Amino acid sequence: MSDNKQLIDVFMPQLAESLVSATVGKWLKQPGDRIEQYEPICEVITDKVNAEIPSTVDGIMGELIAEEGQTIGVGEVICRISVISTNESVSVNIPSNTVTVEASSTVSSDQSMRSRYSPAVQSLAAEHGLNLADIPGTGMAGRITRKDVLAYVERGHSEQAKPSTASSALTGGINSPFQGLSHTNPAVTPSQYVENKSPAARNSGLHLNETPQIPNNVIEGQQGRAETLIDITPVRNTIATRMRQSVSEIPHAWTMIEVDVTNLVLIRNKLKDEFKRNEGVNLTYLAFLLKAVVNAIKDYPIMNSVWATDKIIVKRDINISLAVGTDDTVMVPVIQKADQKNIAGLAKEVEDLATKTRQGKLKLDDMQGGTFTVNNTGSFGSVLSYPIINYPQAAILTFESIVKRPVVINDMIAVRSMANICLSLDHRILDGVICGRFLQRVKENLEGYTLDTKLY
Amino acid sequence: MAVMEYIDAIRLAMKEEMERDENVFILGEDVGVKGGVFTTTKGLMDQFGEERVMDTPLAESAIAGVAIGAAMYGMKPIAEMQYSDFMLPATNQIISEAAKIRYRSNNDWNCPIVVRAPIGGGIFGGLYHSQCPESIFFGTPGLKIVAPYSAYDAKGLLKAAIRDPDPVLFFENKKCYKLIKEDVPLDDYIVPLGVANVLREGDDITVIGYSMPLHFCMQAAEELEKEMGITAHVLDLRTLQPLDRNAILESVRKTGKVLIVHEDNKTGGIGAEVSAIISEECLYDLDAPIMRLCSPDVPAMPISPPMEKFYMLTKDKVKEAMIHLANY
């Protein structure tokens with residue numbers, strides 16, 4: 001009774017009825033990691049569903065066979081998990097693709113079919129006037145096959161002069177044809193195929209070609225070339241597809257408004273340290289902006305809608321997609337039911353989602369259900385941007401850098417903290433007037449923050 | 001020419017025929033707003049409107065009956081059965097009405113309907129989402145039955161079926177939907193009904209089949225040629241009713257050894273009829289007993305994964321049968 005280490009194959013499951021393959025998005029477990037049964041081991045992406053694959057066993061991740069971004073057929077092995085079994089009678093995992101080929105390699109010494117002639121063999125023998133007893137049989141249990149006769153006929157023509165040795169020439173020196181063939185020969189001799197060898201011609205062309213492989217660019221540092229090829233990751237590919245779909249389907253229009261956020265700067269500076277102490281998260285401008293936007297959407301619910309060809313669907317829940325950039329991607333996690341959260345709640349949510357995004361820990365649930373997108377472009381110093389709508393939403397809003405500028409108020413020049421807010425809109429759903437009013441409401445909300453504003 | 005999936009080819013065929021002939025329309029469960037449970041009719045309602053892509057109640061008998069009535073009135077309906085398993089309530093309409101109208105009316109009336117239904121298992125669909133019901137309709141004169149294997153054929157045969165003046169059952173294989181991907185011309189072509197297709201030339205054994213299992217036959221044939229030098233002649237029947245007798249006999253005469261492969265169960269299946277034709281017409285060309293590799297005579301596809309695996313044909317099962325026949 002000794003501990004047995006055993007590698008269990010994990011297969012790509014059938015994720016939906018008609019799917020035959022799925023792309024491995026990300027490995028959540030690396031070799032050496034301990035895994036409990038039902039714990040997710042990797043994320044997979046298909047055109048129908050995105051899902052996590054749970055482990056089928058307790059154990060330790062052995063080896064990853066599928067690479068991230070690789071498309072794997074249903075039922076193929078994606079990784080191996082090593083399990084420790086104390087049971088003596090371990091059933092060894094047999095690979096499912098073993099093929100029984102023994103039938104071909106073993107030639108039985110049984111000659112019971114030697115004199116059973118098929119209709120085809122008898123027809124051919126009659127046609128060529130052959131004595132079947134002269135013909136060696138290579139078929140099952142010594143049976144003469146149609147091909148044996150054909151081969152014999154072909155040889156017979158070339159060696160007509162000495163017909164009695166025709167069979168000995170074939171069987172290598174055995175005198176009596178009844179003793180027949182050498183049993184060590186394979187059932188079908190290779191020589192029979194050499195003469196018949198012809199490439200398998202197909203009689204109806206084009207559609208039988210093999211599926212062309214989609215080119216997979218790899219990074220290759222070719223000498224003498226001033227360019228590098230970068231592999232498209234699944235995430236990059238998704239971003240590209242969504243962006244393209246958005247700009248090609250949605251007629252974008254764009255507008256911008258200027259907001260005086262001097263009071264907002266004051267209130268934030270006053271409260272941020274205490275907030276950080278009490279809540280452990282930063283009190284960002286973004287949280288105030290989100291609150292202002294959500295309240296404006298409540299007044300103009302059409303901003304929270306989707307174009308559906310013959311109707312416009314207005315969503316009741318306000319779920320704000322938040323664009324969060326990392327070094328090489330941009331993700332849009334969603335603040336679910338943002339209309340039910342106060343400024344403090346929004347601040348926590350923003351920090352939570354941003355952290356998850358940067359650590360690559362976003363779950364699919366975090367990414368779904370968005371109804372309106374906000375992008376804090378000011379965080380990287382932009383003062384004006386032209387965002388692409390997060391398909392299929394109706395609009396996207398950006399919050400630009402806060403900069404101090406001389407502003408004319410009541411014919412006097414004052415130094416105020418100003419920020420631009422840009423909006424791209426789906427012109428099928430929205431027009432200038434409604435968006436103008438919406439932005440005015442956002443502006444009023446932002447400028448309406450005072451030192452008395454409640455965070456909770 | 002574009003690389004597309006089998007399911008895209010089917011969708012494209014319907015789209016092209018609907019653009020070509022305003023009498024062509026689709027009806028079925030969830031074909032409109034949802035675009036079909038497999039997305040076969042996705043986008044067609046947007047393009048052609050809800051009068052030409054109609055969502056129906058869950059009543060297959062009504063789907064077929066309405067389609068038959070519309071067809072007799074001069075329309076060209078494409079009736080979708082969500083799964084061929086759900087088709088049985090419509091068999092009375094299809095067998096007793098659609099198949100017999102031309103005969104019964106002494107050629108005064110005809111019934112140009114197409115009934116599309118996905119067949120086949122291996123998708124863990126269990127009893128009511130996996131059946132192959134072609135043998136139920138196979139022995140009914142007056143019906144044509146089509147079961148394409150390639151995306152090219154799926155498009156060409158569906159277009160031919162839509163233009164055909166008589167009822168055609170179009171059995172598309174749901175496992176092929178996304179598995180089979182190939183070049184399909186974007187122009188208007190048809191694949192004629194009743195004509196089989198040689199997928200591969202060979203002179204050791206002849207394999208005759210249709211629909212999804214041909215995929216395994218082709219894989220096994222490639223491997224056998226490489227590993228053992230056995231060359232297989234593979235014939236795709238494409239149309240099950242009427243069978244292309246000449247093509248069957250011709251391909252049998254090439255090798256004298258025949259294996260018939262299909263996923264429908266063995267007893268009373270298409271293979272039985274093909275086998276009977278061969279023994280009636282070319283007994284003296286046979287070099288081995290006619291062999292059949294089909295699913296077992298089990299009432300329905302099991303829902304347990306190991307049992308589904310047992311039930312379904314696979315490349316390995318086909319290969320084993322091919323080796324057995326080659327060695328015979």
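**Exercise 1. Does S321(A) count as buried or exposed, going by its C-beta neighbours inside 10 Å?**

*Worked solution.* Keep in mind as you work that this is a predicted model.

Step 1. Find the residue: S321(A) sits in strand β12 of chain A, which covers residues 320–325.

Step 2. Apply the cut-off: a residue is buried if 20 or more other C-beta atoms lie within 10 Å of its own. S321(A) has 23 C-beta neighbours inside 10 Å, so this serine counts as buried.

Step 3. Look at the partners. Setting aside neighbours within four places in sequence, S321(A) is in contact with V332(A), V334(A), G370(A), F372(A), T373(A) and N390(A).

Step 4. Check a pair that is distant in sequence. Q368(A) is 47 residues from S321(A) along the chain, and their C-alpha atoms are separated by 8.7 Å.

**Exercise 2. Place S321(A) in the setting of chain A as a whole.**

*Worked solution.* Step 1. Take the secondary structure: chain A has eleven helices and 17 strands.

Step 2. Turn to burial. Of the 456 residues in chain A, 28% are buried, and S321(A) counts as buried too.

Step 3. Consider contact range. Among chain A contacts between residues at least 6 apart in sequence, 62% join residues at least 24 apart.

**Exercise 3. Describe how helices α9(B) and α13(B) pack, and name the residues that meet.**

*Worked solution.* Step 1. Locate the helices in chain B: α9 spans residues 213–228 and α13 spans residues 315–327.

Step 2. Read the geometry. Their axes come within 8 Å and cross at roughly 55°, which means that α9(B) is oblique to α13(B). The crossing of α9(B) past α13(B) is right-handed.

Step 3. List the contacts. On the α9(B) side, the residues include F216(B), C217(B), A220(B) and L224(B). They belong to a set that meets K315(B), V318(B), K319(B), M322(B) and I323(B) in α13(B).

**Exercise 4. Follow C217(B) into the largest nonpolar core.**

*Worked solution.* Step 1. Recall the principle: in soluble globular proteins, nonpolar side chains tend to be buried together.

Step 2. Find the core. The largest one has 135 residues, and those with the most contacts inside it are V115(B), A161(B), C217(B), L259(B) and M322(B).

Step 3. Zoom in on the cysteine. Not counting residues up to four places away in sequence, C217(B) touches V207(B), G209(B), V234(B), V261(B) and V318(B).

Step 4. Add the other core: a second, separate one of 54 residues includes Y285(A), F288(A), I297(A) and I318(A).

**Exercise 5. Report the predictor's confidence.**

*Worked solution.* Step 1. For chain B, the average pLDDT is 95, and 100% of the residues score at least 70.

Step 2. For the complex, the predictor gives an ipTM of 0.79 and a pTM of 0.56.

Methods. Residues are numbered from 1 along each chain as its sequence is written. Chains are lettered from A and ligands numbered from 1 in the order in which they are written. This is a predicted model: local features need pLDDT of at least 70, side-chain atom pairs count only at pLDDT 80 or more; totals for chains, interfaces and linings use all residues. A nonpolar core is a set of buried Ala, Val, Leu, Ile, Met, Phe, Trp, Tyr and Cys residues joined through C-beta atoms within 7 Å. A residue is buried if 20 or more other C-beta atoms lie within 10 Å of its own, exposed if 12 or fewer, and partly exposed in between; C-beta atoms are placed from the backbone. Two residues are in contact if their C-beta atoms, placed from the backbone, lie within 7 Å. pLDDT is the predictor's confidence in each residue, from 0 to 100. Axes are lines fitted to C-alpha atoms, for helices over the stretch in contact, and angles run from 0 to 180 degrees between N-to-C directions. Helices (H or I, at least four residues) and strands (E, at least two) are DSSP runs, numbered from the N terminus. Angles under 35 degrees count as roughly parallel, over 145 as roughly antiparallel, 65 to 115 as roughly perpendicular and the rest as oblique. A crossing is left-handed if the near helix is turned anticlockwise from the far one by less than a right angle, and right-handed if clockwise.
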